[in-house]
Amino acid sequence: NIELSNAATAQEAMARVQEKKIELVLLDLGLPGTDGFEVLRQLKANPQTQSIPVIVLTAWNSTTDKLRGFELGAVDYLTKPFNAQELKAKIKSLVSLRRLEREIQLRSVELERTLKELQETQAQLVHSAKMASIGYLVAGVAHEINNPISFAKGSANSLKRRLEEAKLQLKDSEVMKDMEKAVSIIRAGLERTEQIVSNLKTFARKEETHFKKHDI
């Protein structure tokens, strides 16, 4: 179904095109006042109307006029008298093509939006996968570090006990003071390292909100 709208002047034609959803323009070049060439130029210069197909339908049949019409953007140029059946076929074909182009444009916009959403989702999934990999790596490193720390802490505690026993025999010895200071430094370093490992484990399990059963 095609709704028809007539305009007697160039100004009226431009107003109709602006206010209505026009799918095709049949343009007579012999308009009163401003000629049809100017209407065609304005239609093709306006981004909102430049895609509307224009068929020139006129008594001006010179080669110069035809070339100018095509140069300004007309899709066809028919001179009077014309074949009505041929004109109807051209109109039907161009309107169908115009509607198909609009549908393709809408689909293209939808596809672009869907593609953007998929790309954003993919980026989020990649980021999540990277964070999960980092978490597993951190958990493994923390586990490997924690074992030697435990051994070192046990040895440091044993050493401290031995120093306490030796202290009774070596009162006010400078060697004893140096050894006690060294043991304190070792313990402080181990406790600091142990805290770092604990933080790493917390980071690796930061997505866990409750205990889970595991078959060990």
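A residue counts as buried here when under 20% of its relative accessible area is left open, and as exposed when that figure is over 50%, with partly exposed in between. By that yardstick, buried residues make up 22% of the 216 residues in the chain of this predicted model.

The overall outline comes next. A compact globule of 216 residues would have a radius of gyration near 17 Å, yet this chain comes out at 43 Å. Taken along the principal axes, the C-alpha atoms fill a box of roughly 130 × 45 × 30 Å. The secondary structure adds up to five helices and three strands, and from the N terminus on they follow the order α-β-α-β-α-β-α-α. Looking at contacts between residues at least 6 apart in sequence, 58% of them join residues at least 24 apart.

Helix H1 is a good place to see how burial works. Its buried residues are Ala10, Ala13, Met14 and Val17. Around the helix axis they cover an arc of only 95°, so they sit on the same side of H1. The face turned away from that buried side carries the exposed residues Gln11 and Glu19. Strand E1 and helix H2 are among the elements that cover the buried residues of H1.

Helix H2 (residues 36-45) can be read in a similar way, with Gly36, Phe37, Val39, Leu40 and Leu43 buried. Viewed down the axis, these buried residues fall within an arc of 160°, and therefore line one face of the helix. Their cover includes helix H1 (10-19), strand E1 (25-27), strand E2 (54-58) and helix H3 (63-71). H2 also holds a charged pair: Glu38 forms a salt bridge with Arg41, with the closest N and O atoms 2.6 Å apart. Both residues lie in H2, three residues apart, which is about one turn of the helix. Glu38 is partly exposed at 24% relative accessibility, and Arg41 is partly exposed at 40%.

That pair belongs to a wider set, since the structure holds six salt bridges. Another one links Glu23 and Arg99, whose closest N and O atoms are 2.7 Å apart. Glu23 lies in the loop between H1 and E1 while Arg99 lies in helix H4, so this bridge ties together parts that are 76 residues apart in sequence. Glu23 counts as buried at 14% relative accessibility, whereas Arg99 is partly exposed at 33%. Lys90 and Asp76 form a salt bridge too, again with a closest N to O distance of 2.7 Å. Here Lys90 is in helix H4 and Asp76 in strand E3, so the pair ties together parts that are 14 residues apart in sequence. Salt bridges with shared partners join Asp76, Glu86 and Lys90 into one network.

Asp65, found in helix H3, tells another story. Asp65 is buried but has no salt bridge, and the nearest side chain of opposite charge, Arg68, is 5.8 Å away. What Asp65 does have is a polar contact of 2.9 Å with the side chain of Ser62. Leaving aside residues up to four places away in sequence, Asp65 touches Phe37, Trp60 and Tyr77.

One last detail concerns the backbone. Most peptide bonds are trans, but a cis peptide bond joins Lys80 and Pro81, with omega at about -5°. Pro81 lies in the loop between strand E3 (76-79) and helix H4 (84-167).

Terms used:
Residues numbered from 1 in each chain as written. Predicted model: local features only at pLDDT ≥ 70, side-chain atom pairs only at ≥ 80, totals over all residues. Heavy atoms only, no water. Buried < 20%, exposed > 50% of the residue type's maximum accessible area, 1.4 Å probe, protein only. Helix = DSSP H or I, 4+ residues; strand = E, 2+ residues; numbered from the N terminus. Arc of directions from axis to C-beta. Contact = heavy atoms within 4.5 Å. Lys, Arg positive; Asp, Glu negative; His and termini not counted. Salt bridge = Lys/Arg side-chain N within 4 Å of Asp/Glu carboxyl O. Polar contact = N/O pair within 3.5 Å; in protein donor to acceptor, adjacent residues only side chain to side chain. Rg over C-alpha atoms; globule rule 2.2 N^0.38 Å.
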